[in-house]
Amino acid sequence: MSVISKLAGGLIVSCQAPVGSPLRQPAVMAAMASAAELAGAVGVRAEGAADIAAIKDACTLPVIGIRKRQVPGSDVRITPTLADALPLLDAGADLIALDASDRPRPGGERVSDLIAALDARGVPVMADVGDHRCGMAAAGAGAALVATTLAPSPTASDPDAPDVGLVRRLAESGIDAPVVAEGRYATPEAVAVAFAAGAYAVVVGTAITDTLALARRLCAATPAVSGG
Ligand SMILES: CC(=O)N[C@H](C=O)[C@@H](O)[C@H](O)[C@H](O)COP(=O)(O)O
């Protein structure tokens, strides 16, 4: 069974901890991934070679690897260069996710160059996009999956709402790659809506693995923190 078909119809859990979180340790991310596997998830998304290696040791799920790095002069932060992707493969990543927007990349690399270089190594690419045009372009360039990771919330009144409309629009466009819903999916209802809109898989991060953000949200409602 191909790695892409293993993800069909399932939940991918993003096991990442932001800088400054006490959870930002490979062993903690590996425990999160094991819990995700036990729960029935079909894949894991993880950042950096150390986390990926620990997760591959701890569970059998396919791992989508990313490297988050801010390079001066470029706004591309998710796996900006091929050199960022290669150590993730050495660590055991099964797929590479990368920012597939059309923003300038460090060193002048193009999304299509990265997809071709990884494809030549037999590595499928998940293209993170924020709009329909870049999604169609990435699929045309050979991305194995197109994910709505970079889409802003479609409603100003609810900044936490996922962009299900982009999932639907891509899925109904005859796109050459399966569409993955990612970004602000936080409830079983939202996951079901994404599949109804045509998603191939759904990625959930914060709502499962960011204990710090989840606890802060609830603490903010207490008199002890809000002062109310
Ligand atoms: C935009 C960006 O950098 N997204 C990152 C991509 O890896 C992660 O910070 C998100 O947690 C991930 O996409 C899952 O989304 P959510 O945490 O909303 O379920």
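**Burial, packing and backbone geometry in a predicted model**

Modeller: Gly 107 is found in the loop that runs between β4 (95-99) and α5 (111-120). The model under discussion is a predicted one.

Colleague: Why is Gly 107 called exposed?

Modeller: A residue counts as exposed if 12 or fewer other C-beta atoms lie within 10 Å of its own. Gly 107 has 12 such neighbours, and therefore counts as exposed. The C-alpha atoms of Gly 107 and Arg 168 are 34 Å apart, with the two positions 61 residues apart in sequence numbering.

Colleague: What makes Thr 148 buried?

Modeller: Burial requires 20 or more other C-beta atoms within 10 Å. Thr 148 has 30, so Thr 148 is classed as buried. Thr 148 belongs to the loop between β6 (145-147) and α7 (164-171).

Colleague: Which residues are in contact with Thr 148, leaving aside its neighbours within four places in sequence?

Modeller: They are Val 129, Asp 163, Leu 166, Val 167, Ala 181, Glu 182 and Gly 183. For Glu 182, the C-alpha atom is 5.2 Å from that of Thr 148, although the two are 34 residues apart in sequence.

Colleague: How do you know that Met 126 is buried?

Modeller: The cut-off is again 20 or more C-beta atoms within 10 Å. Met 126 has 32 C-beta neighbours inside that distance, and is therefore buried. Met 126 lies in strand β5 (residues 125-128). Beyond four places in sequence, Met 126 touches Ile 64, Leu 95, Ala 97, Ala 143, Ala 144, Leu 145, Ala 147 and Val 180. Its C-alpha atom is 9.7 Å from that of Pro 178, which is 52 residues away along the chain.

Colleague: Which residues have the most contacts inside the largest nonpolar core?

Modeller: Met 126 is one of them, together with Ile 55, Val 125, Ala 127, Ala 143, Val 146 and Val 180; the core has 67 residues. Helix α2 (residues 26-39) gives the most to this core, with five residues. In soluble globular proteins, nonpolar side chains tend to be buried together. As for Val 180, the residues it touches beyond four places in sequence are Met 126, Leu 145, Val 146, Ala 147, Ala 199, Tyr 200, Ala 201 and Val 203.

Colleague: Why is α2 called oblique to α3?

Modeller: The axes of α2 and helix α3 (residues 49-58) are 8 Å apart and meet at an angle of about 45°. Angles under 35 degrees count as roughly parallel and 65 to 115 as roughly perpendicular, so a value that falls in neither range, nor over 145, is oblique. On that basis α2 is oblique to α3. The crossing of α2 past α3 is right-handed. By class, this contact has nine nonpolar, one polar and two charged residues. On the α2 side they include Met 29 and Ser 34, and on the α3 side Asp 51 and Ile 55.

Colleague: What is the phi of Thr 79, and what makes Thr 79 buried?

Modeller: Thr 79 has a positive phi of about 45° although it is not a glycine. Since 20 C-beta atoms within 10 Å suffice for burial, Thr 79, with 27, is buried. Thr 79 sits in the loop between β3 (63-66) and α4 (82-90).

Colleague: How do you know that Arg 184 is buried?

Modeller: Arg 184 has 21 other C-beta atoms within 10 Å. The threshold is 20 or more, so Arg 184 is buried. Arg 184 also has a positive phi, of about 70°, without being a glycine. Its loop lies between β7 (179-182) and α8 (188-196).

Methods:
Residues numbered from 1 in each chain as written. Predicted model: local features only at pLDDT ≥ 70, side-chain atom pairs only at ≥ 80, totals over all residues. Core = buried A, V, L, I, M, F, W, Y, C linked by C-beta atoms within 7 Å. Helix = DSSP H or I, 4+ residues; strand = E, 2+ residues; numbered from the N terminus. Contact = placed C-beta atoms within 7 Å. Axes fitted to C-alpha atoms, helices over the stretch in contact; angles between N-to-C directions. Left-handed = near helix turned anticlockwise from the far one by under 90°. Nonpolar A, V, L, I, M, F, W, Y, C, P; charged D, E, K, R; others polar.
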